[in-house]
Structure formats: structure tokens, C-alpha cells
Amino acid sequence: MIDIILISVISYFIGAIPFAYIIVFLFFKKDIRREGSRNVGAMNSFEITGKKWIGFIVFLLDFLKGFSTIFIAKSIAPNNDIALLVSSLFAVLGHNYSIYIRFSGGKGLATSAGILFLVQPFLLFIWFVLWLIIYNLIKRDMDYANPIASVISPFLFFFIPESFAHKANFIPFQSRIVLFILLELLALVILSKYITFIKMELGKKHKIL
């Protein structure tokens, strides 16, 4: 139990490091929380600076937050699915609701990608393909494609043969059910950052009806 608490605390504080805020302020003296979409992430970093390298560095660092916390959990509690679940969840919670910047933050996509790259990279590929389909064929809006792909892709996980899913990773979960729970929790945390957008979309549909 002490190991799980330690992992959750470490993962949260690593996930909470606001790289987008730090880098944009350091190089451009701008507060990303008050510019553009006000999202503390890679895309807004690129949009308000106009520099692709800024967006790429922010994405990479946010990706590495999820990546590193998985290794930390693995080293503290080997072969423990709950440790991996807790580490992943708190890393993304930290990114989305950072204590360092008054609980504002990003949307958790890059940090989640860092986690999935290790525990289920094929699902990350599925998410990306699904995102491309939604974005290009349904609506060319990232705020539309991101949450839908994040919610649907965990359910597609069950169509992956169990033997393949267990082998197609770098750090495996012992339990397929625990991994699915993790995927759904990550989807909910990501979805929580799109509540305002979802309300706006529902409001538009209500007016049409």
C-alpha cells in the first residue's frame, strides 16, 4: 500500500510539470494560460508562438512524463498492474490539473501517448487511425476528433486477440481487465477537459432541433 501511495505522489508531481508553460514563458515571455486556446499543451504552444519546434519539444517532454512514470512504477512495484494503473492515472491527472499552475493544464493526450507507447502501442496506433478517420471524414476539428477517438478506442481494444495484445508491448499488464479499466479512466480524464466544448456542441444541436 505504501508503494502505491508513493507511486501516485511521484507520478502526479512529474505529470504536473507544466513544460508548455515553462518553455513558452522562457522563450517568448507569454503566459500560455492566457493565450490562444489557453490549453497548456503542445498544440497551443505551437499556435501562439508560430514555432513548430516549440510544439514538438513540448509534445516530446509531455510524452516523456507518461513514459517515465511507467518505468518508475515498474521499478518500485514490479509485476503489479495496480501500480501501473495508479502511475498512469496520476501522471495524466497531474498534467491536466497541475498544482504548479493553480490546477490548470493540458488535455492529457501526449502524456497518455507516452503511457500507451509502453503498455499497449498497438492501441496507440488504433487511436491515431481512428482520429484520422474522424478528423478527415466527419469533422475537421481537433476538439471533436480528440475526445471521440479517446473514448471509442478502448472499446476497440477487445477486438485485438489476447495473445497479440499481451505480446505487443514493452511493459505488459498481467490482467486485460485492469488494462481496460486504465484505458477507460484515461479516456475520462481526457474527456473532462472537453466538457465545455461538448456542452457547446450539444447546445448547437438543441437549437437545430
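Start with the whole chain and its contact map: among contacts between residues at least 6 apart in sequence, 64% join residues at least 24 apart. The model on screen is a predicted one, and the stops below move from the chain as a whole to helix pairs and then to single residues.

**The whole chain**

With a cartoon representation switched on, the chain shows 11 helices and 0 strands, so that reading along the sequence gives the pattern α-α-α-α-α-α-α-α-α-α-α. The radius of gyration is 17 Å, close to the 17 Å that the globule rule gives for 209 residues, and the chain is therefore as compact as a globular protein of that length. If you draw a box along the principal axes, the C-alpha atoms fill roughly 45 × 45 × 30 Å. Colouring by relative accessible area will mark 46% of the 209 residues as buried.

**Select α2 and α4**

Select residues 19–28, which form helix α2, together with residues 52–76, which form helix α4; the two pack at an angle of about 150°, and their axes are 9 Å apart. Since angles over 145 degrees count as roughly antiparallel, α2 and α4 are roughly antiparallel to each other. The crossing in which α2 passes α4 is right-handed. Now show side chains: on the α2 side the contact is formed by Phe 19, Ala 20, Ile 23, Val 24, Phe 27 and Phe 28, and these meet Trp 53, Ile 54, Ile 57, Val 58, Leu 61, Asp 62 and Lys 65 of α4. Sorted by class, the residues of this contact comprise 11 nonpolar, no polar and 2 charged.

**Stay here and pick Ser 45**

Keeping those two helices in view, add Ser 45, whose place is in helix α3, residues 42–49. Is Ser 45 buried or exposed? Ser 45 is buried, with a relative accessible area of 0%. When residues up to four places away in sequence are not counted, Ser 45 touches Ala 20, Val 24, Ile 32, Ile 54 and Val 58. Of these partners, Ala 20 and Val 24 belong to the α2 side of the helix contact just visited, while Ile 54 and Val 58 belong to the α4 side.

**Follow α4 to α1**

Next select helix α1, residues 2–15, and leave α4 displayed; this pair packs at an angle of about 165°, with axes 10 Å apart. That angle makes α1 roughly antiparallel to α4, and the crossing of the two is right-handed. From α1 the contact takes in Asp 3, Leu 6, Ile 7, Ile 10, Ser 11, Ile 14 and Gly 15, and from α4 Lys 65, Ser 68, Thr 69, Ile 72, Ala 73 and Ile 76. The classes here are 7 nonpolar, 4 polar and 2 charged residues. Lys 65 deserves a label, as Lys 65 takes part in the contact of α4 with α1 and also in that of α4 with α2.

**Move to α5 and α10**

Hide the earlier selections and show α5 and α10, which pack at an angle of about 10° with their axes 10 Å apart; α5 and α10 are therefore roughly parallel to each other. The residues to display are Asp 81, Leu 85, Ser 88, Leu 89, Val 92, Leu 93 and Asn 96 of α5, and Val 178, Ile 181, Leu 182, Leu 185, Leu 186, Val 189 and Ile 190 of α10. By class, this contact has 11 nonpolar, 2 polar and 1 charged residues.

Within α5, residues 81–96, centre the view on Leu 93, which counts as partly exposed at 25% relative accessibility. Leaving aside neighbours within four places in sequence, Leu 93 is in contact with Tyr 12 and Val 189. A distance label between the C-alpha atoms of Leu 93 and Thr 111, 18 residues apart along the chain, should read 9.7 Å.

**Two loops to finish**

Go on to the loop between α5 and α6 (109–119), where Arg 102 lies, exposed with a relative accessible area of 76%. Most residues other than glycine have a negative phi. Phi of Arg 102, however, is near 55°, a positive value, and phi of Phe 103 is likewise positive, near 65°.

Finally, select Asn 169 in the loop between α9 (162–167) and α10 (176–191). At 16% relative accessibility, Asn 169 counts as buried, and apart from neighbours within four places in sequence, Asn 169 is in contact with Leu 118, Val 119, Gln 120 and Pro 121.

Notes
Residues numbered from 1 in each chain as written. Predicted model: local features only at pLDDT ≥ 70, side-chain atom pairs only at ≥ 80, totals over all residues. Heavy atoms only, no water. Axes fitted to C-alpha atoms, helices over the stretch in contact; angles between N-to-C directions. Helix = DSSP H or I, 4+ residues; strand = E, 2+ residues; numbered from the N terminus. Parallel < 35°, antiparallel > 145°, perpendicular 65-115°, else oblique. Left-handed = near helix turned anticlockwise from the far one by under 90°. Contact = heavy atoms within 4.5 Å. Nonpolar A, V, L, I, M, F, W, Y, C, P; charged D, E, K, R; others polar. Rg over C-alpha atoms; globule rule 2.2 N^0.38 Å. Buried < 20%, exposed > 50% of the residue type's maximum accessible area, 1.4 Å probe, protein only.
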